[in-house]
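Let's look at how two protein chains can meet. Take a moment with the picture before reading on.

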2 protein chains.
Amino acid sequence: MKPVKIGLLGLGTVGGGTVRVLTRNRDEITRRAGRGIEIIAAAARNLDSLGDLDTTGMRLTEDAFEVVEDPEVEVIVELIGGLSPARELVLRAIDQGKHVVTANKALIAHHGNEIFQRAQEKGVMVAFEAAVAGGIPIIKAIREGLAGNRIEWLAGIINGTANFILTEMRDKGRDFNDVLAEAQRLGYAEADPTFDVEGVDAAHKLTILASIAFGVPLQFDRVYMEGITGISREDVAYASELGYRIKHLGIARRSPRGIELRVHPTLIPERRLIANVDGVLNAVLVWGDAVGPTLYYGAGAGAEPTASAVVADLVDVVRALTIDPENRVPHLAFQPDALADTRILAMDEVETAFYLRLRVVDQPGVMADVTRILADLDISIEAILQKEPDEDTHEADVILLTHRVREGNLDQAIGRIEALSSVIAPVQRIRMEALR
Amino acid sequence: MKPVKIGLLGLGTVGGGTVRVLTRNRDEITRRAGRGIEIIAAAARNLDSLGDLDTTGMRLTEDAFEVVEDPEVEVIVELIGGLSPARELVLRAIDQGKHVVTANKALIAHHGNEIFQRAQEKGVMVAFEAAVAGGIPIIKAIREGLAGNRIEWLAGIINGTANFILTEMRDKGRDFNDVLAEAQRLGYAEADPTFDVEGVDAAHKLTILASIAFGVPLQFDRVYMEGITGISREDVAYASELGYRIKHLGIARRSPRGIELRVHPTLIPERRLIANVDGVLNAVLVWGDAVGPTLYYGAGAGAEPTASAVVADLVDVVRALTIDPENRVPHLAFQPDALADTRILAMDEVETAFYLRLRVVDQPGVMADVTRILADLDISIEAILQKEPDEDTHEADVILLTHRVREGNLDQAIGRIEALSSVIAPVQRIRMEALR
């Protein structure tokens with residue numbers, strides 16, 4: 001089947017990331033979508049500043065409307081941001097019968113009601129997963145995954161810049177202005193940081209989340225907004241002393257009298273999982289009446305995390321366009337004829353680090369014997385914890401953490417260690433993973 | 001439009017939960033799905049043991065095949081568990097052209113390849129979100145939300161019983177057998193706990209997750225399985241001393257030589273978010289090449305959390321059956337004609353707790369004045385932190401944490417407090433949320 005033809009508006013950070021992800025994962029994406037996804041046209045503000053981005057096969061222009069009008073283009077991906085001309089471009093694309101994928105939270109928060117109504121009339125799709133919390137599929141989770149619930153409330157760390165600043169203030173006892181300057185140097189904050197530190201960006205996202213959670217129209221102008229500029233390092237320290245962390249949250253909650261929509265710094269108990277979401281990362285905690293609390297965590301911004309959401313939306317669009325509705329999403333994610341026969345490794349081929357607990361007689365030379373056996377099998381040691389021997393039995397626990405080793409080697413080492421006369425019980429071993 | 005007619009197999013814990021959620025949230029679910037969902041027939045092993053479950057409008061039988069054969073039934077929800085007769089019932093339903101929603105992880109892990117092939121041939125849907133991690137929409141997240149990624153690895157706490165036991169062993173320094181007995185008393189562990197503590201249940205779920213992450217067939221018999229019965233409280237304590245937590249993880253990872261599929265206790269660094277997922281809760285950490293790490297957290301079992309996933313699948317099925325593919329999922333989750341005009345509260349109507357920081361002159365009566373003002377406005381105090389006064393200026397910070405109060409009242413209180421001569425700077429106030 002012919003690939004779906006995409007027109008891309010914007011070749012900046014996220015646009016570039018989208019091009020790279022679609023290229024690098026072409027095979028996997030096609031196996032999932034059942035059909036290729038090909039960018040045939042793209043618009044950038046300045047075609048001279050594309051760097052080393054590979055735009056092979058794309059008709060390039062500096063006039064975004066040209067891409068929108070291109071009769072071959074089936075889906076428009078809008079990644080230029082801002083309200084205008086994004087709104088005009090998206091509405092024009094819809095009028096042309098083209099589907100739209102956008103990462104533009106401001107556009108959806110301000111003009112979503114109008115855009116969705118037009119899309120409904122024209123029978124086209126408008127997908128916007130990338131508009132909230134970057135690569136975290138939070139729109140899909142709420143809109144589909146929690147569709148059985150009455151959502152009671154949600155609270156999200158949905159601005160990475162603000163979270164980075166608050167995290168640094170706490171970890172290093174630094175002042176707001178000091179950290180903001182660093183965030184700007186690192187590229188986590190814009191030269192004009194207003195949208196991030198005053199809560200406007202978070203309010204855009206909260207507008208969208210609240211609407212899909214509660215089934216109310218988008219109403220950005222009703223969101224209460226308070227930024228983090230007023231938080232002092234003393235506040236952060238006092239909160240900590242009392243067992244709390246200060247996070248900049250977007251909160252939407254039903255109450256008997258109406259819906260609360262508010263963005264502001266918030267003290268939350270430090271034991272909550274979401275209190276430990278640090279740095280530029282995002283997380284959204286959603287409370288449904290049936291499921292209870294669920295939390296979604298990941299990168300909320302950045303080229304490829306945002307591209308991840310854009311491409312997921314494209315796959316959704318392609319699946320809807322291509323496949324009969326009853327098998328829109330393949331059971332096992334990939335098309336039935338595209339499953340791979342990759343082999344599954346036997347356990348002795350698997351590499352992990354290990355925790356080893358040895359029960360030994362406290363006598364000279366034990367550790368020398370053990371470490372010699374490990375060295376002979378190329379197993380290196382990350383840490384040793386030697387406990388005091390028992391006064392009566394002169395037996396002691398020795399704990400070794402190894403670096404990554406092939407399990408087959410470790411098995412051999414354990415065999416030899418257990419054969420030592422000074423090792424008086426089977427060796428306990430537990431695998432260890434860094435998970436990063 | 002007429003409701004979709006459901007036949008429910010199993011009226012036990014999850015079956016009962018599904019009936020209750022569909023009844024309680026009927027209105028919200030219909031607004032989302034665009035069509036009602038009605039259970040018209042149900043089978044239970046013993047119709048005398050349904051307790052107070054409201055089965056109004058359902059034809060009840062003790063013969064599950066009767067429900068499957070019922071010509072009026074459009075979708076079968078299989079919640080009886082186990083391999084047989086679940087397999088025969090599901091295959092029979094498919095042969096009858098009925099769609100299937102199931103929470104049965106053993107069934108999918110063992111017979112999914114056969115079931116999906118049959119469903120493909122017959123053009124019916126088989127949905128199984130509830131089979132992995134209960135109410136967490138992890139199947140949807142991987143299969144759709146991360147569709148742009150090459151998934152590198154995933155690691156999950158996917159058995160709540162094992163996680164509860166390990167959490168108790170660490171928190172209370174207790175032995176495995178001791179905690180297991182308690183878990184059985186609490187109903188977190190079965191009388192025969194083998195599936196949970198030996199890793200079989202986790203292996204079922206890992207089989208499914210690996211397949212949808214990597215695009216390989218389901219192959220339960222290739223999963224390496226190790227339970228938590230061999231973990232001693234000493235191991236838990238030593239791991240802790242070294243900065244690690246022991247978690248029972250299902251891990252699936254690509255390596256250049258093949259795919260690793262393994263379930264075993266694992267030491268992980270305590271700073272990782274997933275290391276802090278405690279008790280019966282589940283979490284799955286997924287690493288995609290574009291998005292990086294994302295984490296999904298929530299209740300992995302229980303009547304209503306599992307029902308949450310079952311109903312989400314039903315809404316998916318109904319949306320696919322009912323709506324044109326291009327508007328399968330409404331933009332704002334609810335059908336465009338079903339948005340509500342619930343009012344958004346003004347901020348002075350919102351109730352939260354507060355952190356207040358006062359800069360005061362250190363003189364008698366200040367606290368009496370402040371607490372009197374708060375009491376007069378019905379604001380009660382949860383905690384007070386009084387810092388040492390500065391030796392030169394005799395000024396000090398006083399921090400007050402309030403209980404929940406209407407923001408309008410708090411505004412009044414702050415006005416009065418700032419009017420006190422002993423309060424020498426504007427009051428800092430930050431909202432506080434328990435998030436539970």
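Here is a short tour of the symmetry and the interface.

This is a predicted model, where local features need pLDDT of at least 70 and side-chain atom pairs count only at pLDDT 80 or more, while totals for chains, interfaces and linings use all residues. Residues are numbered from 1 along each chain as its sequence is written, and chains are lettered from A in the order in which they are written.

**Symmetry**
- Turn chain B by 180°, with 0.0 Å of shift along the axis, and it lands on chain A with an RMSD of 0.0 Å (a least-squares fit on C-alpha atoms of residues with pLDDT of at least 70 in both copies).
- The two copies are therefore related as by a two-fold rotation axis.
- In chain B, the residue that comes closest to this axis is Tyr296(B), its C-alpha lying 2.4 Å away.

**The shared surface**
- Each side brings plenty to the contact: 140 residues from chain B and 140 residues from chain A (contact means heavy atoms within 4.5 Å).
- The copies meet through the same surface, because 100% of the interface residues of chain B are also interface residues in chain A.
- Together the chains bury about 11,900 Å², 57% of it on carbon and sulfur atoms (accessible area, 1.4 Å probe, lost on being put together and summed over both parts).
- On the chain B side, His331(B), Ile344(B) and Leu435(B) lose the most area to chain A, together 7% of what that side buries.

**Charged links**
- Across the interface there are 18 salt bridges (a side-chain nitrogen of Lys or Arg within 4 Å of a carboxyl oxygen of Asp or Glu).
- Lys140(A) makes a salt bridge with Glu144(B), with the closest N and O atoms 2.7 Å apart.

Key: Heavy atoms only, no water. Buried area = accessible area lost by both parts, 1.4 Å probe.
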